[in-house]
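Q: I'm a first-year student and this is my turn to pick a part to look at. Please take me through the nonpolar core slowly, and tell me what surrounds it.

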Amino acid sequence: QDIISDAATCLRETRQSVAGLRNVPGRESGLAASVERAVREITETKSVRTKLNLEKVARQLAPDVEYNLLRIVREAVNNAVKHAEASQINVALRSTGDTIQITINDDGSGFSTEDAATPGPGHYGIIGMKERATQIGASLDLVTQPGAGTTITLTLPAVASPARSLELSK
């Protein structure tokens with residue numbers, strides 16, 4: 001039990017350190033800027049058009065929450081580029097008083113959700129995204145079908161779930 005607690009503490013501190021390194025002085029910070037950098041980094045050398053509609057998020061997110069949101073966005077965009085061979089990727093970030101919502105939509109090949117439920121060896125992208133979303137109290141919705149592209153919607157409520165609140169109170 002102590003080993004698990006110590007490992008969780010180390011992981012949390014590492015993520016906070018990494019988050020601190022990302023916020024370089026003079027560079028725009030915040031979730032919107034981080035999402036933009038991540039999407040551009042993945043797509044800049046690819047023949048894919050990107051459309052970004054990113055609202056600034058007024059509230060400060062915990063480093064581990066922002067880290068996981070960005071990992072999900074990166075995985076979704078990577079999948080659209082590598083596996084779906086999308087020619088257009090749209091990423092939207094909306095922030096209301098109640099939620100933060102990130103939508104990643106592509107015009108790629110799409111896939112059968114049955115195939116995603118039983119991934120091949122080494123392919124855990126969708127499962128990993130769902131696990132990350134659950135860890136931070138967010139929901140992840142996936143809409144796809146073969147030949148029709150994919151839309152991933154990630155919704156983070158403004159108020160943490162009870163399980164998340166207990167975890168933060170340690």
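A: Let's get the words straight first: helices and strands here are runs picked out by DSSP, at least four residues for a helix and at least two for a strand, and they are numbered from the N terminus. By that count, the protein has six helices and five strands. Going along the sequence, they come in the order α-α-β-α-β-β-α-α-β-β-α.

Keep in mind that this is a predicted model. Its average pLDDT is 81, and 72% of the residues score at least 70. Residues 23–27 have a pLDDT below 50, and this stretch makes three contacts in the model beyond near neighbours in sequence. Residues 161–170 also have a pLDDT below 50, with six contacts beyond near neighbours in sequence.

Now for the core. Of the protein's 170 residues, 35% count as buried. The largest nonpolar core has 33 residues, and the ones with the most contacts inside it are Leu31, Leu69, Val77, Ile89 and Ile102. Where do the core residues come from? Helices H2 (31–43), H3 (63–82) and H5 (125–135) each supply at least two, and so do strands S2 (88–95), S3 (99–106) and S5 (150–157). H3 gives the most, with nine residues.

That makes H3 a good place to start. This helix has 20 residues and reaches 28 Å from its first C-alpha to its last, close to the 28 Å expected at 1.5 Å a residue. H3 is mostly covered, with 14 of its 20 residues buried. Take Leu69: leaving aside neighbours within four places in sequence, it is in contact with Leu31, Leu61, Ile102, Ile136, Leu154 and Leu156.

Not everything buried in H3 is nonpolar. Asn68 lies in H3 too, and with a relative accessible area of just 1% it is buried. Its side chain makes a polar contact of 2.7 Å with the side chain of Arg132.

Follow Leu69 across to one of its partners, Ile102. Ile102 lies in strand S3. Why is it called buried? Its relative accessible area is 0%, and the cut-off for buried is under 20%. Ile102 and Leu69 are 33 residues apart in sequence, but 8.7 Å apart in space, C-alpha to C-alpha. Not counting residues up to four places away in sequence, Ile102 touches Leu31, Leu69, Val73, Val91, Ala92, Leu93, Ile152, Thr153 and Leu154. Across the protein, among contacts between residues at least 6 apart in sequence, 67% join residues at least 24 apart.

Next, H2. This helix has 13 residues and reaches 18 Å from first C-alpha to last, close to the 18 Å expected at 1.5 Å a residue. Its buried residues are Leu31, Ala32, Ala33, Ser34, Val35, Ala38, Val39, Ile42 and Thr43. What covers them? The cover includes strand S1 (49–54), H3, S2 and S3.

On to the strands. S5 is mostly covered, with six of its eight residues buried. S3 and S5 run antiparallel and are joined by eight bridges; Thr99, for one, stands opposite Pro157 in S5. S5 also pairs with strand S4 (residues 139–144): these two run antiparallel as well, with six bridges between them. There, Thr144 stands opposite Thr150 in S5. Five residues lie between the strands in the hairpin of S4 and S5, where Gly147 takes a positive phi near 80 degrees.

One last stop is S2, which supplies at least two core residues and is also where you'll find Gln88. Is Gln88 buried or exposed? Gln88 counts as buried because its relative accessibility is 17%, and the cut-off is under 20%. The Gln88 side chain makes a polar contact of 3.0 Å with the side chain of Arg49, and another of 2.8 Å with the side chain of Asn90. Setting aside residues up to four places away in sequence, Gln88 touches Val48, Arg49, Thr50, Lys51, Asn105, Asp106 and Asp107.

To pull it together, look at H3 again, which gives nine residues to the core, and then trace from Leu69 to Leu31, Ile102 and Leu154, which are among its contacts.

Technical notes
Residues numbered from 1 in each chain as written. Heavy atoms only, no water. pLDDT = per-residue confidence, 0-100. Contact = heavy atoms within 4.5 Å. Core = buried A, V, L, I, M, F, W, Y, C linked by side-chain atoms within 4.5 Å. Buried < 20%, exposed > 50% of the residue type's maximum accessible area, 1.4 Å probe, protein only. Expected span 1.5 Å × (residues − 1). Polar contact = N/O pair within 3.5 Å; in protein donor to acceptor, adjacent residues only side chain to side chain. Pairing = 2+ DSSP bridges.
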